[in-house]
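Trainee: Could we go through this structure together? I would like to begin with the pocket and then turn to the ligand.

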Amino acid sequence: MKPETQVVHAGDRNKPGTYTPVTVPIFAAASYTYDTMEELDRVFAGEQAGPSYARHDNPTTLAFEDLVNTLENGGGAIGCASGMSALHLAIVAALMDRRRHVIVASAIYGATSNLLNNVLDPLGIPSTPIDITDLAAIEAACERDKPGAIVMETISNPLLRVGAIDEIAKIARKHNAAVIVDNTFATPLLVRPIELGAHYSVHSATKYLSGHGDVLAGIVISNTDEFPQRKSISKTIGGIIGPFEAYLAMRGVKTLALRVERQCANAAKLADWLVKHPRVDRVHSTYDPAHPDAATIARLFPKGRQGAILSFELKGAKQPEVFEFMDRLKMIVRATSLGDVHTMTLYPAMSSHRDVAPKQRERLGIKDNLIRISAGIEAIEDIVADFEQALAG
Ligand SMILES: *Cc1c(COP(=O)(O)O)cnc(C)c1O
């Protein structure tokens, strides 16, 4: 062969020997060839397992999907380019053959609210916000609006309310609505929504699953009734995870149990410490025995592993005092996102709820002195010491 041909073909498509890589490698190939056309035809027909084209299947992505699907006890999973593309896919898939109306938890991630209000509503899919902890209100909304889907989060942001997924799923099934649970804050190690009757569990894998702040990714896990027939939707829309991101996310999941255990312990200890601090007005924590949803939390979460996000109100503070306090933090990272190995703080009024009108923020209970914390895996002594010096300043 001539060099201009060799540069294209040499080294590629050699058959591997009998070795097996210990961890799944990054398959960057866009397409796959087979020994015969007959085989390729069977792959296209879905009669033989194997990848054909990277938008449909990718071995690295499949491994990540298999991993998270196993943890969620689902019927199948689809890795997505981001948490938002995962939510979009789940809602579109759920509403393919259901009524085009959504009931959504009023306390929901800002971009999810934007997706419903600014993308799906103009396309003819209206949504109604509802207090997700009020089962009677959900039942009434189902009677009135006849929704095709109920969209909720396992733990709401930033006030950490917890809806009864199992009870909500019973109501939804009576009304032929799908339940879509954004399980990002809980991870499948704490709560498995599909086991509780949900149709879809969705993650921003950017957060706990990846855990190191270096990947943007998402995943949708569906129950066996919804999957695999809806897989074709993701093949068509194409907002799927790339092999590099799937590799990193999978690497992250391997330490998920260790990280979440430490993060939960740190969140519980930090909440205990903050409650006693004279400059702290109120702590919102899933470990608080007086939490308004304590009974639901006790039923759905393993004891002592009730999430690793908390928030607190800085006594008498307005935005300038909150900024001063947050600027004084030395180790704890001021940034959006959560679930990373490092402890992070965020000011919801400036970030996640920036686009919510102040009056509406107040109605949601998100005050101007509220600060959200995502507990990391550092030694609790160092986390507390940083808060202590910043609160003293
Ligand atoms: C971050 C986040 C999302 C969006 O995920 P991206 O990966 O940023 O697209 C959705 N839901 C929750 C609860 C989140 O925290």
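Mentor: Let us settle a term before we begin: helices and strands here are DSSP runs, numbered from the N terminus, with at least four residues for a helix (H or I) and at least two for a strand (E). Please also keep in mind that this is a predicted model.

Trainee: Understood. Which element gives the most to the lining of the largest pocket?

Mentor: That is α5, which contributes 7 residues to the lining.

Trainee: And what is the volume of the largest pocket?

Mentor: The volume comes to about 1,000 Å³. The lining is made up of 45 residues, and those closest to the centre of the pocket are Ile108, Tyr109, Gly110, Ala111 and Ser113.

Trainee: Which elements give two or more residues to the lining?

Mentor: Among the helices there are α4 (83-95), α5 (110-120) and α13 (358-363). The strands are β2 (102-105), β3 (127-130) and β6 (200-204).

Trainee: How do the lining residues divide by class?

Mentor: There are 18 nonpolar, 20 polar and 7 charged residues in the lining of the largest pocket.

Trainee: Now the ligand. Where does it sit?

Mentor: The ligand occupies the largest pocket. It is surrounded by 13 residues, of which Gly83, Asp182, Ser204, Thr206 and Lys207 are the closest.

Trainee: What classes make up the shell around the ligand?

Mentor: The shell consists of 6 nonpolar, 5 polar and 2 charged residues.

Trainee: Which atoms of the ligand lie 2.9 Å from Gly83 and 2.8 Å from Ser204?

Mentor: In each case it is an oxygen atom of the ligand. Gly83 approaches with a backbone N or O atom, at 2.9 Å. Ser204 does so with a polar side-chain atom, at 2.8 Å.

Trainee: And what about Asp182?

Mentor: An N or O atom in the side chain of Asp182 is 2.6 Å from a nitrogen atom of the ligand.

Trainee: How much of the ligand does the protein bury?

Mentor: The protein buries 93% of the 390 Å² that the ligand exposes when taken alone.

Trainee: A change of topic: which peptide bond is cis?

Mentor: The bond from Asn157 to Pro158 is cis, and its omega is near 0°. Pro158 belongs to the loop between β4 (149-153) and α7 (165-174).

Trainee: One more backbone point. What is the phi of Arg13?

Mentor: Arg13 has a positive phi of about 60°, although this residue is not a glycine. Arg13 is found in the loop between α1 (3-9) and α2 (37-44).

Conventions:
Residues are numbered from 1 along each chain as its sequence is written. This is a predicted model: local features need pLDDT of at least 70, side-chain atom pairs count only at pLDDT 80 or more; totals for chains, interfaces and linings use all residues. Side-chain values use heavy atoms; hydrogens and water are left out. A residue is near a molecule or strand if one of its heavy atoms lies within 4 Å of it. A polar contact is a pair of N or O atoms within 3.5 Å; within protein, one must be able to donate a hydrogen and the other to accept it, and residues adjacent in sequence count only if both atoms are side-chain atoms. Accessible areas come from the Shrake-Rupley method with a 1.4 Å probe; for residues, only the protein chains shown count as cover. On a 1 Å grid over the protein atoms alone, a cavity is a set of points where a 1.4 Å probe fits but cannot get out, and a pocket is an open set with protein on both sides within 12 Å along at least five of seven lines; lining residues have an atom within 4 Å of a point. A molecule sits in a cavity or pocket if more than half of its atoms lie within 2 Å of its grid points. Ala, Val, Leu, Ile, Met, Phe, Trp, Tyr, Cys and Pro count as nonpolar, Asp, Glu, Lys and Arg as charged, and the others, Gly among them, as polar. Grid points are joined across faces, edges and corners, and a volume is the space filled by probe spheres set on the points.
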